[in-house]
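This report looks at charged pairs, nonpolar packing and cysteines, in that order. Please keep the structure in view while reading.

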Amino acid sequence: MPMQPIREIQGTPDAEAFRALVAGYAPVVLRGLVKDWPLVAAGTSPQGACDYLLGFDGGAAAEAFVGQPAIEGRFFYAPDLRGFNFERRKGSFADLLRYLLALQGRDNAPAVYAGAVETGRTLPGLTEANPMPLLAGLDAEPRIWIGNASRISTHFDASDNIACVAAGRRRFTLFPPEQTPNLYVGPLDHTVAGQPTSMVDANAPDFDRFPRFRAALDAALVAELEPGDAIFIPALWWHQVEALSPFNVLVNFWWADAPEQDMRFDAMMHAVLAIGHLPADRRAAWSAFFDTFVFREHGDPAGHMPDDMRGVLGEPTPQLRGYIRQYLMRGLQRG
């Protein structure tokens with residue numbers, strides 16, 4: 001069954017429209033958002049893209065994943081889940097570019113993927129030459145992703161994300177957060193590249209082993225992006241990313257919606273330790289507490305109290321954030 005397309009808009013939304021887009025908490029393809037970037041113009045050929053990027057090279061090191069041709073670009077776990085089907089290689093970013101150029105047109109080439117390379121450290125000046133006006137004023141340092149044909153398994157990011165295709169073509173397959181139980185997520189703390197991933201090969205699912213994945217596919221959204229196109233992916237939306245061309249460059253921007261953003265997954269891990277293994281009736285009891293005080297399923301849990309007596313349920317001012325952090329640290333030390 002064909003998947004539903006991701007909603008699209010053309011060009012650059014104004015500030016109000018972009019705020020509404022983010023608030024809508026649904027993915028959106030932004031056709032032609034960065035079509036005027038010099039990097040996109042240079043990226044019409046692998047040599048042109050590499051020459052352009054080398055013009056900003058600051059001599060920094062980068063890490064790349066390199067897999068045998070047999071993995072067909074799918075960077076993933078080894079069969080026993082203890083290791084991975086690729087090796088990590090470190091070297092200069094410039095050497096990585098030259099290596100990718102040398103692989104162009106080569107039959108049975110290894111799969112190469114370098115992800116989340118910080119442009120400010122590695123390619124100083126690239127950001128200023130290729131700006132992202134939608135995120136003006138936000139702390140959203142761009143990162144560059146470069147390689148040949150690859151398939152990055154379904155995963156999520158904790159931050160909102162704009163991903164911009166600068167060279168090559170990419171296919172994005174997205175699943176909403178409520179499909180998490182149908183994605184058969186792998187180890188939370190032993191991951192391929194930082195975030196937990198689905199164990200299902202979304203392009204060739206084994207429905208005997210993963211029967212609930214059929215429901216996930218029913219909810220999936222898909223889009224193919226050309227150079228100059230971008231996609232907004234909300235935080236916690238699962239996504240598989242396929243680089244479809246022999247040479248690909250993508251630039252993405254993550255930004256935080258609150259100072260606690262990086263603590264949220266940690267909070268879940270703490271709950272796994274403290275609550276996840278309790279008997280079912282105790283978990284249900286704690287679920288009622290979480291629904292009331294965290295997820296606010298029944299409205300403001302402190303609405304019956306004066307503002308100055310709400311304590312940790314009050315508005316998260318910098319002072320309250322600091323107090324809660326100290327409270328949590330004391331609790332962790334006791335544990």
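## Salt bridges between distant parts of the chain

Arg-151 counts as buried, at 11% relative accessibility, and in this predicted model its side chain forms a salt bridge with Asp-201, the closest N and O atoms being 2.5 Å apart. The pair links distant parts of the chain, since Arg-151 belongs to strand β9 (residues 150-155) while Asp-201 sits in the loop between β11 (170-175) and α7 (213-219), 50 residues apart. Asp-201, with a relative accessibility of 18%, likewise counts as buried, because the cut-off for that class is under 20% relative accessible area.

A second pair of this kind is made by Arg-321 and Glu-260, whose side chains meet in a salt bridge at 2.3 Å, N to O. Here, too, distant parts of the chain are linked: Arg-321 is in helix α10, whereas Glu-260 is in the loop between β15 (248-255) and α8 (264-274), and the two are 61 residues apart. Both Arg-321 and Glu-260 are buried.

## Other salt bridges

In total, the structure holds 18 salt bridges. One of them joins the side chains of Arg-310 and Asp-307, at 3.5 Å from N to O. The two partners of this bridge fall into opposite classes of accessibility, for Arg-310 is buried, with a relative accessible area of 18%, but Asp-307 is exposed, with a relative accessible area of 64%. Elsewhere, salt bridges that share partners connect Arg-169, Arg-171, Glu-224, Glu-226 and Glu-242, so that these residues form one network.

## Nonpolar cores

Which residues have the most contacts inside the largest nonpolar core? In this core of 44 residues, they are Phe-93, Met-132, Ile-144, Ile-146 and Ile-162. Helix α4 (residues 93-103) supplies the largest share of the core, namely five residues.

The surroundings of Ile-162 can be followed residue by residue. When its neighbours within four places in sequence are left aside, Ile-162 is in contact with Phe-18, Leu-33, Met-132, Leu-134 and Leu-135, with Ala-230, Ile-231 and Phe-232, and with Val-251, Asn-252, Phe-253 and Trp-255. Apart from this core lies another one, of 37 residues, which includes Phe-76, Phe-172, Ala-202 and Ala-216.

## A nonpolar patch on the surface

Nonpolar side chains also appear on the surface, where Met-263, Val-312, Tyr-323, Tyr-327 and Leu-328 form a patch whose accessible area is together about 470 Å². Tyr-327, one of these residues, lies in helix α10 (residues 318-334), the helix that also holds Arg-321 of the salt bridge with Glu-260. With a relative accessible area of 48%, Tyr-327 is classed as partly exposed, because the exposed class is set at over 50%.

## Cysteines without a disulfide

A disulfide is a covalent bond between the sulfur atoms of two cysteines. Why does the structure hold zero disulfides? For Cys-50, the reason is distance, because the closest cysteine sulfur, in Cys-164, is 19 Å from its own, too far for a bond. Seen from the other side, Cys-164 is in no disulfide either, with the sulfur of Cys-50 as the nearest cysteine sulfur, 19 Å away. As for their environment, Cys-50 is buried, with a relative accessible area of 0%, and Cys-164 also counts as buried, at 0% relative accessibility.

How values were computed: Residues numbered from 1 in each chain as written. Predicted model: local features only at pLDDT ≥ 70, side-chain atom pairs only at ≥ 80, totals over all residues. Heavy atoms only, no water. Disulfide = S-S within 2.5 Å. Buried < 20%, exposed > 50% of the residue type's maximum accessible area, 1.4 Å probe, protein only. Core = buried A, V, L, I, M, F, W, Y, C linked by side-chain atoms within 4.5 Å. Helix = DSSP H or I, 4+ residues; strand = E, 2+ residues; numbered from the N terminus. Contact = heavy atoms within 4.5 Å. Patch = residues over 30% accessible without salt bridge, like charges linked within 9 Å, V, L, I, M, F, W, Y side chains within 5 Å. Areas by Shrake-Rupley, 256 points an atom, 1.4 Å probe, with all protein chains shown as cover. Salt bridge = Lys/Arg side-chain N within 4 Å of Asp/Glu carboxyl O.
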